[in-house]
Amino acid sequence: MAFSVENGILTIDGVRFDEITRITGTPVYVTSYNKLKENIEAYKKAFPKQKILYAVKANFNLAILKIISKEGFGADVFSAGELYLALLAGFPPEKILFNGNSKSDWEIEMGIKAGVSFSVDSLDELYAISEVASKFGKEVTIAFRVNPDVSPETHPKISTGLKTSKFGIPKDEVIEAYRKAVELPNVIPKGIHCHIGSQILDASPFVEALNKIFDLVAELKEEGINLEFIDLGGGPGIDYDGKGALTPEEFSKAILPVFEEKKAKMNPDIELELEPGRSIVGNTTVLLAGVNSVKRAYKNFVNVDAGFNLLIRPAMYGSYHRVAVANKMDREGEETYTVAGPICESGDILAEDRKLPKVEKGDVIAIFDAGAYGFVMSSQYNGRPRCAEVLVKDGEIHVIREKEDFNDIVGKQKIPEFLFE
Ligand code: LLP
């Protein structure tokens, strides 16, 4: 078991949490290698023939990326910075897809020089890629990102395939985009891409999107454009609150039969690609936050040393994360507490009205399922250096990111000369 309890103490891959905090202090993000490996294996088993491009945005710690690249997965990157990290972690360029609705010309140039494929989000971007590719004498594989207009049941801020979303080319206009691409030099339209949203627990919107994509594949075929891959994006949800997840196995059972049937009928050479992020890293990681004080006000507040500076999901999306007292795991819930961060904003609440054992100063609160969109969305707001990240494997503690200090808050800032006069 990746996360278990021994004598009332939370352990991660066999290591007591307080052995970790003794080294790093709190707050700290702790990732279980075993859990990550388990999630990777689940995807390999569910999708043995498909190309899995891990969505780097979900967690781009280099050690995590290295583990995933060594497993043979590819990468979905959304910026030049993510591309840089993916290359550094050893993802081969031919397994990298450069996504994004607003790529700068210099980012396009970097991607083309590296030899990655592109998901193209607008005609302006198509022209830019063709121009830069021609300048460097490179041929670039592209897929258009299509907006399939399907509405998954998830938080509106992470629903990306609606008509009104900023992502993708409307499905009625995408055929024309392929026609243009065929005429342009140095771009080869080989794929079609969509991503309908994130934390989706029901497979039916994926099936709907896949059917719509196949309709486009058929239309393109009639025009003599034979695509080689469909990239259905990421999005399967994890079990944050005990209501279940969309597991790789369930996801695969829902979409593969549809894919195989259409493929056999329409285009026996077309392949399926996926871009999961959250479902690979989400449940691998716990954020440990130290209790600074417990305040009985109109509510019972547990004031901890991590807030939305380190985990913004509850504040940004009202997301639910399970919490527990890491040093009192065997005690029953006694009182209702609201776990508050140290940031000067009333919205800085990590968990609201949770039944926990009696909490005292010095306890440690574990915030679970923080591996996806956790550290990567952190900030230094209120002048708080970011915390460390740790990987635990076979009873060993590896610091995979040192905690920041005040020099990191100063960063690259400069005071102009005239202010010293
Ligand atoms: N592919 C594309 C093009 C994406 O935009 C995303 C996520 C993924 C793949 C990976 O999706 P996943 O499998 O992780 O659901 N910060 C939000 C989630 C934003 C997702 C953005 N795009 C959160 O904390 O819930």
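# Exercises on a predicted model

An oxygen atom of the ligand sits 2.6 Å from an N or O atom in the side chain of Y373. The model is predicted, and the exercises below start from this ligand.

**Exercise 1.** Find which residues come closest to the ligand, and state how many residues surround the ligand.

*Solution.* Start with the count: 17 residues surround the ligand. Then name the closest: S198, E275, R313, Y317 and Y373. Now sort the shell by class. Six residues are nonpolar, five are polar and six are charged.

**Exercise 2.** Test the ligand's oxygen atoms for polar contacts with S198, G277 and Y373.

*Solution.* Apply the cut-off: a pair of N or O atoms counts within 3.5 Å. Take S198. An N or O atom in its side chain is 2.4 Å from a ligand oxygen. Take Y373 next. The distance from its side-chain N or O atom to a ligand oxygen is 2.6 Å. Finish with G277. Here a backbone N or O atom lies 2.9 Å from an oxygen atom of the ligand. Last, look at cover. On its own the ligand has 590 Å² of accessible area, and the protein covers 93% of it.

**Exercise 3.** Classify how helix α8 packs against helix α9 and against helix α7.

*Solution.* Recall what is needed. Two packed helices are described by the angle between their axes and the distance between the axes.

- Step 1: α8 spans residues 204-222 and α9 spans residues 248-266. Their axes come within 10 Å and cross at roughly 15°.
- Step 2: angles under 35 degrees count as roughly parallel, so α8 and α9 are roughly parallel to each other. Their crossing is right-handed.
- Step 3: α7 covers residues 174-183. It packs with α8 at about 40°, with the axes 10 Å apart.
- Step 4: α7 and α8 are therefore oblique to each other. This crossing is right-handed.

**Exercise 4.** Where do P27 and D13 lie, and what is the backbone geometry at the T26 to P27 bond and at D13?

*Solution.* Place P27 in the loop between α1 (17-24) and β4 (28-32). Then check omega. From T26 to P27 the peptide bond is cis, with omega near -5°. Move to D13, in the loop between β2 (9-12) and β3 (15-16). Its phi is positive, about 45°, although D13 is not a glycine.

Notes
Residues are numbered from 1 along each chain as its sequence is written. This is a predicted model: local features need pLDDT of at least 70, side-chain atom pairs count only at pLDDT 80 or more; totals for chains, interfaces and linings use all residues. Side-chain values use heavy atoms; hydrogens and water are left out. A residue is near a molecule or strand if one of its heavy atoms lies within 4 Å of it. A polar contact is a pair of N or O atoms within 3.5 Å; within protein, one must be able to donate a hydrogen and the other to accept it, and residues adjacent in sequence count only if both atoms are side-chain atoms. Accessible areas come from the Shrake-Rupley method with a 1.4 Å probe; for residues, only the protein chains shown count as cover. Ala, Val, Leu, Ile, Met, Phe, Trp, Tyr, Cys and Pro count as nonpolar, Asp, Glu, Lys and Arg as charged, and the others, Gly among them, as polar. Axes are lines fitted to C-alpha atoms, for helices over the stretch in contact, and angles run from 0 to 180 degrees between N-to-C directions. Helices (H or I, at least four residues) and strands (E, at least two) are DSSP runs, numbered from the N terminus. Angles under 35 degrees count as roughly parallel, over 145 as roughly antiparallel, 65 to 115 as roughly perpendicular and the rest as oblique. A crossing is left-handed if the near helix is turned anticlockwise from the far one by less than a right angle, and right-handed if clockwise.
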